[in-house]
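Biologist: Please give me a close look at one loop of this model. Set it in the whole chain as you go, and explain each term when it comes up.

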Amino acid sequence: MDSDLKKYFDLAMDDRASHAKQINPGSVATAPWVRMKSQFGCPSYAKGYCCPPHTPTAEQTQATLNCYRRAILFHLELLDSPERGKRYREYLKFLVELEGLMFQDGYYKPFIFLAGPCRQCKKCGALEG
């Protein structure tokens, strides 16, 4: 972990993330099959702003990743429990706050990429029209 990123790593690990590590964004592979799998395999396709077709394509995602030279990969283990949804929403809120903190600290390109459907809002604006 680069020393200037340790502050953010420590904040993420402080009873929040299960794991975190610095990675080279160029090591992240994007592929068109992911979008197709969603389109033809997910019942929630097109039902949320964080799912295709509202999300960037594999090519757009790769082009964005190529603008960076380092990234922090966070992992949150969510065990089956009644608190699972609440913990996820709290963690997402934390990541948004962390992105803002990094920006205020002079990192002008912080950006969160998430895996999976968004669970931030109780009712999705995409579903509400």
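Modeller: Helices (H or I, at least four residues) and strands (E, at least two) are DSSP runs, numbered from the N terminus. The model is predicted, so local features need pLDDT of at least 70 and side-chain atom pairs count only at pLDDT 80 or more, while totals for chains, interfaces and linings use all residues. Residues are numbered from 1 along each chain as its sequence is written, and side-chain values use heavy atoms, with hydrogens and water left out.

The whole chain comes before the loop. There are 5 helices and 2 strands in the chain, and they follow the pattern α-β-α-α-β-α-α along the sequence. The C-alpha atoms fill a box of roughly 45 × 35 × 25 Å, taken along the principal axes. Of the 129 residues in the chain, 20% are buried. Buried means under 20% relative accessible area, exposed over 50%, and partly exposed in between (1.4 Å probe, protein chains only). The chain exposes about 9,300 Å², and carbon and sulfur atoms supply 57% of that area. Such areas come from the Shrake-Rupley method with a 1.4 Å probe; for residues, only the protein chains shown count as cover.

Contact means heavy atoms within 4.5 Å. Among contacts between residues at least 6 apart in sequence, 68% join residues at least 24 apart.

Leu76 gives an example from another loop, the one between strand E2 (71–75) and helix H4 (84–104). Leu76 has a relative accessible area of 16% and is therefore buried. Setting aside neighbours within four places in sequence, Leu76 is in contact with Arg16, Ala17, Ser18, Arg87, Tyr88 and Tyr91. Arg16 is 60 residues from Leu76 along the chain, yet their C-alpha atoms are separated by 7.5 Å.

Now the loop itself, which is the one between H2 and H3. Ala46, Pro52 and Pro53 are among its residues. Ala46 has a positive phi of about 65° although it is not a glycine. Further along, the peptide bond from Pro52 to Pro53 is cis, with omega near 10°. Most residues other than glycine have a negative phi, and most peptide bonds are trans. Ala46 counts as partly exposed because its relative accessibility is 36%.

Pro52, by contrast, has a relative accessible area of 12%, so it is buried. Not counting residues up to four places away in sequence, Pro52 touches Arg35, Ser38, Tyr45 and Ala46. Ala46 with its positive phi is thus one of the residues that touch Pro52. Ser38 is found in helix H2 and is itself buried, at 14% relative accessibility. With neighbours within four places in sequence left aside, Ser38 is in contact with Tyr45 and Pro52. His19 lies elsewhere: 33 residues separate Pro52 and His19 in sequence, and their C-alpha atoms are 27 Å apart in space.

Two cysteines come just ahead in the numbering. Cys50 is partly exposed, at a relative accessible area of 41%, whereas Cys51 is buried, at 13% relative accessibility. A disulfide is a covalent bond between the sulfur atoms of two cysteines. Here it is counted as a pair of cysteine sulfur atoms within 2.5 Å, and the structure holds 0 disulfides. The cysteine sulfur closest to that of Cys51 is in Cys42, and Cys51 makes no bond with it because the 6.1 Å between them is too far.

At the far side of the loop comes helix H3 (residues 58–65), where Ala58, Thr61 and Leu65 are buried. They lie on the same side of H3 because they cover an arc of only 65° around the axis; the arc is that of the directions from the helix axis to the C-beta atoms. The buried residues of H3 pack against helix H2 (32–41). Thr61 has 17% relative accessibility and so counts as buried. Beyond its neighbours within four places in sequence, Thr61 is in contact with Thr30, Pro56 and Phe113.
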